[in-house]
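Please open the model in a viewer and keep the selection tool at hand. The tour below proceeds stop by stop, giving at each one a selection and a description of what is there.

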Amino acid sequence: MEIGFLHCGPCSISLNSGFTVSRLHTQFGCHNNIEIRSSNRIDLHSHSNRNRVVRMLTEVPPAANDKRGKKKKKRRGEAEPDRAVTGTTLESGPINRPQSDRYVVLPDGEFSFRDRDSLDQLGLLDKNYAKRIYKQNVNHNLIWQTQLFAEQKQSVLFILQGQHTSGKNEVMRKISAGLHPNGYSVKSFKEPTVKESQYNFLKRYHEQVPAKGQIGFWIRSWYEDVATAVLRGDVTEEEAELRMQLIGEFEKMLMMQGIKIVKIFLHVSDLAAFQRLEETLQVPKYQWHASAADFEERANFFQIQKRWEHVLSKTSTDEAPWYVVPSSLKWIRNAVVSQIVRDVFSEMNPEIPPEQFARVTLTDLQSDQTADSTPPVIMRRTAQKTSQLIPL
């Protein structure tokens, strides 16, 4: 703060900057005989202003590393090299990551939600540790998405299933947080309309399958037509068994076309589901999407859960297994799902083909510049690290 002309007799300091005088004055250990001469910038004749300036100059400044009163800066997740790409076993950041194989439903076996704890913390240290894993996975998934889009040979479809209040929409937002919007699509399936019921039940799903190089996120899928549809009475159990066979054949056809199918079921306990439903009614901004059907589903919670146990055990295959993710703790759920997505991309291992890089030579460009309208050019570095002229 500029306060005018300041003078200290023992230190022989006379400067115009109050801050500089304060540091030099206290550095010599002198705390007396400060003469403050009047200035037009601040009224030093006022008793309160004079005491305030003297107190500022005589106070010992805090240490350089003193962070009292400052908010702690949040530590963002660093992107460490991926083992599947670099082949190294060393990584910076969290090492004890969730193992995707731990959540797989074994094919041709009995499955029960009682064997899976929805509150399992999976050995993660704390909430901040899980958040770091989530942020690092999001950074890696963006790199994988870029390579998948450039390759144009594969695509991936993530199917999110779960009972009401399990967090399907929130998980979708968390996974797609770091992705480019041009490279993925989101589709939420409800009960089929009257027109959709007139066709094969797979028709409306087939139209939404992601194209080459794209990522698809489905909130609910064709498995609703063999799980909840049976409980509603729309489909008999015999028809549901036939539909599950058709779904298996349809998934094989999609995988033959280069579409990777990842099926994730969010497992939430009945207590956590009921608490979230109560919060939906109490928070005003969430009350609009609460309906009576939600409480009916809550009343039939265990019946719906038993039906899903049968569907998961029948439709989990080696090529497209089910992942049952504990979702009662949101920070555990987000870390686990992001790790599954990252492991799937590592298994697919998309690569940018060399022919996708720009390879316009200077000779070809000069032959095109014979025309009257010559497009502007810029310098770009190719894969061979050679500078070439590329037309815009």
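A salt bridge is a side-chain nitrogen of Lys or Arg within 4 Å of a carboxyl oxygen of Asp or Glu. The model under view is predicted, and eight salt bridges are present in the structure.

**Stop 1: a salt-bridge network**

Select Glu191, Arg232 and Asp234, which are linked in a network of salt bridges. Within this selection, the side chains of Glu191 and Arg232 meet at 3.9 Å, N to O. Glu191 belongs to the loop between strand S5 (184-188) and helix H6 (203-206), whereas Arg232 belongs to helix H7 (residues 228-232), so the pair ties together parts that are 41 residues apart in sequence. Colouring by accessibility separates the two partners: Glu191 is exposed because its relative accessibility is 53%, and Arg232 is partly exposed at 38%.

**Stop 2: two further salt bridges**

Select Lys260 and Glu347. They form a salt bridge in which the closest N and O atoms are 3.8 Å apart. Lys260 lies in strand S7 and Glu347 in helix H12, so this contact ties together parts that are 87 residues apart in sequence. Glu347 has a relative accessibility of 58% and therefore counts as exposed.

Next, select Asp120 and Arg102, a salt bridge with the closest N and O atoms 2.8 Å apart. Both Asp120 and Arg102 are in the loop between helix H3 (83-86) and H4, 18 residues apart. Asp120 is partly exposed, with a relative accessible area of 24%, and Arg102 is likewise partly exposed, with a value of 47%. As a general remark on such pairs, side chains of opposite charge can pair when their charged atoms come close.

**Stop 3: charged patches on the surface**

Switch to a surface representation and select Lys127, Lys131, Lys135, Arg173 and Lys174, which form a positive surface patch. Which helices each supply at least two residues of the positive patch? They are helix H4 (127-151) and helix H5 (168-175). H4 gives the most, with three residues. Lys174 is found in H5 and is partly exposed, because its relative accessibility is 31%; that value is over the 30% required of patch members.

For the opposite charge, select Glu237, Glu238, Glu239 and Glu241, which gather in a negative surface patch. Glu237 is located in helix H8 (residues 237-256). With a relative accessible area of 52%, Glu237 is exposed.

**Stop 4: the largest nonpolar core**

Hide the surface and select Val156, Ile264, Ile340 and Phe345. Among the 34 residues of the largest nonpolar core, these four touch the most other members. To place the core within the fold, display H4, strand S4 (155-162), H5, strand S6 (215-219), strand S7 (259-267), strand S8 (322-326) and helix H12 (330-348), each of which supplies at least two residues of this core. Which element gives the most to this core? It is H12, with ten residues. As general background, nonpolar side chains tend to be buried together in soluble globular proteins.

H4 and H5 therefore deserve a second look, because they appear in two selections of this tour: each supplies at least two residues of the positive patch, and each also supplies at least two residues of the core.**Stop 5: backbone angles and a distant pair**

Select Thr165, in the loop between S4 and H5. Thr165 is not a glycine, yet its phi is positive, at about 70 degrees. Is Thr165 buried or exposed? Thr165 is buried, with a relative accessible area of 16%.

Select Arg220, in the loop between S6 and H7. Arg220 also has a positive phi, near 75 degrees, in a residue other than glycine. At 22% relative accessibility, Arg220 counts as partly exposed. In general, most residues other than glycine have a negative phi.

Finally, select Glu297 and His164. Their C-alpha atoms are separated by 7.5 Å, while the two residues are 133 residues apart along the chain. Glu297 is found in helix H10 (residues 292-299) and is partly exposed, with a relative accessible area of 25%.

Conventions. Residues are numbered from 1 along each chain as its sequence is written. This is a predicted model: local features need pLDDT of at least 70, side-chain atom pairs count only at pLDDT 80 or more; totals for chains, interfaces and linings use all residues. Side-chain values use heavy atoms; hydrogens and water are left out. Patches are made of residues with over 30% relative accessible area and no salt bridge: like charges are joined within 9 Å, nonpolar side chains (Val, Leu, Ile, Met, Phe, Trp, Tyr) within 5 Å. Accessible areas come from the Shrake-Rupley method with a 1.4 Å probe; for residues, only the protein chains shown count as cover. Lys and Arg count as positive and Asp and Glu as negative; His and the chain ends are not counted. The place of a charge is taken as NZ of Lys, CZ of Arg, CG of Asp or CD of Glu. Helices (H or I, at least four residues) and strands (E, at least two) are DSSP runs, numbered from the N terminus. Buried means under 20% relative accessible area, exposed over 50%, partly exposed in between (1.4 Å probe, protein chains only). A nonpolar core is a set of buried Ala, Val, Leu, Ile, Met, Phe, Trp, Tyr and Cys residues joined through side-chain atoms within 4.5 Å.
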